[in-house]
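The following exercises concern a predicted model. Please work through each task with the structure at hand before reading the solution.

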Amino acid sequence: MFNIKVDFKNARVFEKNVMNYAKLVSDIHNELHSKAADENEPCGWLNLPTDYNKVEFERIKNAAKKIQANSDVLLVIGIGGSYLGSRAVIESLTNTFYNMQDKSARKTPQILYVGNNLSTNYINDLMDYIADKDVSINVISKSGTTTEPAIAFRIFREIMENKYSLKEARSRIYVTTDANKGALKKLADKEKYTTFVIPDNIGGRYSVLTAVGLLPIAVAGINIDKLMEGARIAQDKYSDSNLKYNECYKYAVIRNMLYAKEKNIEILVTYEPKMYYFIEWWKQLFGESEGKEQKGIYPSGAEFTTDLHSLGQYIQEGRRNLFETVINIEKSSNDIKMKLEEDDLDNLNYLEGKTLDFVNKKAMEGTIEAHTEGDVPNIKINIEKLDASNIGQLIYFFELACAMSGKILGINPFNQPGVEKYKTNMFKLLGKPGYVDKKSNEE
Ligand code: PA5
């Protein structure tokens with residue numbers, strides 16, 4: 001069932017102005033779709049929900065079963081698009097305290113992430129934590145050369161080889177990388193690790209529905225068939241090139257219209273803490289796709305009502321260069337009802353019989369009204385409830401909106417040339433062969 005409804009009534013743009021983009025949107029739609037099946041173009045994610053490798057999909061499920069059976073912990077080694085997608089889905093769809101739950105309640109391995117920073121504390125603490133646990137590793141890198149995951153993999157590979165026999169250590173390491181190239185691929189071939197392929201025509205931040213995301217997600221016990229089914233529903237729903245009938249494209253257009261009105265910061269808001277990493281995934285998707293050529297909306301995130309007590313003042317009355325996109329989850333699970341207390345010392349009896357979710361929704365409605373009146377335009381994305389199908393739909397919605405929005409902005413939403421700059425400097429400072437500045441050597 002299709003479950004996303006987008007509400008633009010507080011976006012402060014006129015429908016007729018939105019429709020001025022109809023021809024441009026339809027041209028971009030045709031351009032993207034003409035490239036979707038081309039292995040040399042970065043648009044493989046567009047038809048992925050229908051056009052994925054079914055053999056690989058079954059291999060992922062089987063590997064997940066094996067990891068579930070023999071591991072207390074799955075270490076996911078990756079950075080950026082190679083870990084944010086799986087973390088977003090896992091944290092949205094599992095118990096808030098999943099990793100802290102007793103194994104009998106959790107039933108599936110703890111999922112821990114490493115290789116997304118260079119912190120000595122983090123690595124040391126993780127080494128201590130896993131010392132007495134059975135571990136499997138999924139190391140994920142499309143390029144196979146990214147420094148942070150490469151360093152983490154070197155450290156944890158050694159730990160695995162000390163902990164288990166070489167044969168067993170190898171059988172507990174799963175590599176997700178390019179089919180042919182990169183240092184990680186070479187290493188995987190040499191050590192005969194189980195490997196999964198990231199298709200050439202799907203970039204890192206668009207790869208959550210490939211093995212990159214699917215293996216950790218499946219290990220966490222999430223139904224990946226349902227996730228793909230959700231993405232398929234959205235693929236079908238948003239296949240219309242006509243802007244009038246395509247809310248995903250309307251979101252992309254309205255973002256650009258707001259940007260033209262100097263609203264150059266978008267805050268993606270959730271009222272559900274489980275969505276924290278979904279917002280992190282979204283920030284990377286839009287930030288890395290659009291922020292180039294000195295253009296682009298700065299993507300930021302907020303978790304309300306928590307951040308209403310930190311960022312709320314700024315949003316209400318600070319610089320007026322913001323707009324908000326709120327993800328509203330219509331139904332909550334097992335709601336909690338407020339009860340009557342005889343002495344009412346906390347003055348909460350007026351809420352008697354109301355559910356906590358009702359209170360949360362009223363906080364949302366009140367905030368949207370306040371922020372809109374404070375000149376912060378609002379877009380509301382409604383999903384029925386948090387489940388695998390709806391998250392699959394939302395992933396596809398944002399991927400497609402991002403590609404469309406970036407194209408409307410006139411940049412290439414599929415590359416990330418700016419990310420190389422810090423790497424080059426870091427490699428020079430570290431003296432990596434090929435990067436050493438000759439001049440500074442001579443001095
Ligand atoms: O979206 C992207 O392409 C990047 O964020 C990458 O995912 C990130 O830099 C990690 O790269 P790799 O998977 O090659 O290690």
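**Exercise 1.** Which residues does Phe278 touch, not counting residues up to four places away in sequence?

*Solution.* With contact taken as heavy atoms within 4.5 Å, begin with the partners of lower residue number: Phe278 touches Ala88 and Ser92. Continue along the chain: Ile327, Ile391, Leu394, Ile395 and Phe398 complete the list. Next, place Phe278 in its setting: together with Trp281 and Phe398, Phe278 has the most contacts inside the largest nonpolar core, a set of 92 residues. Helix H16, residues 388–409, gives the most to this core, namely 13 residues. Finally, note a second, separate core of 22 residues, with Val73, Ile130, Ala152 and Ala188 among them.

**Exercise 2.** Determine the order of the strands in the five-stranded open sheet, and explain why one side of S1 and of S8 is left without a neighbour.

*Solution.* Reading across the sheet gives S1-S10-S9-S7-S8, with mixed pairing. Strands S1 (4–7) and S8 (298–303) stand at the edges; each has a single partner strand, and therefore one side of each lacks a neighbour in the sheet. On average, neighbouring strands are turned by 20° against each other, direction ignored.

**Exercise 3.** Describe how S9 is joined to S10, and identify the helix that packs on the sheet there.

*Solution.* Strand S9 (residues 322–329) and strand S10 (residues 378–383) run parallel and are joined by six bridges. In one of these strands, S10, Ile381 is the bridge partner of Ile327. Helix H15 (residues 356–373) packs on the sheet and touches both S9 and S10. The direction of H15 makes about 160° with that of S9.

Notes. Residues numbered from 1 in each chain as written. Predicted model: local features only at pLDDT ≥ 70, side-chain atom pairs only at ≥ 80, totals over all residues. Heavy atoms only, no water. Pairing = 2+ DSSP bridges. Helix = DSSP H or I, 4+ residues; strand = E, 2+ residues; numbered from the N terminus. Axes fitted to C-alpha atoms, helices over the stretch in contact; angles between N-to-C directions. Core = buried A, V, L, I, M, F, W, Y, C linked by side-chain atoms within 4.5 Å. Buried < 20%, exposed > 50% of the residue type's maximum accessible area, 1.4 Å probe, protein only.
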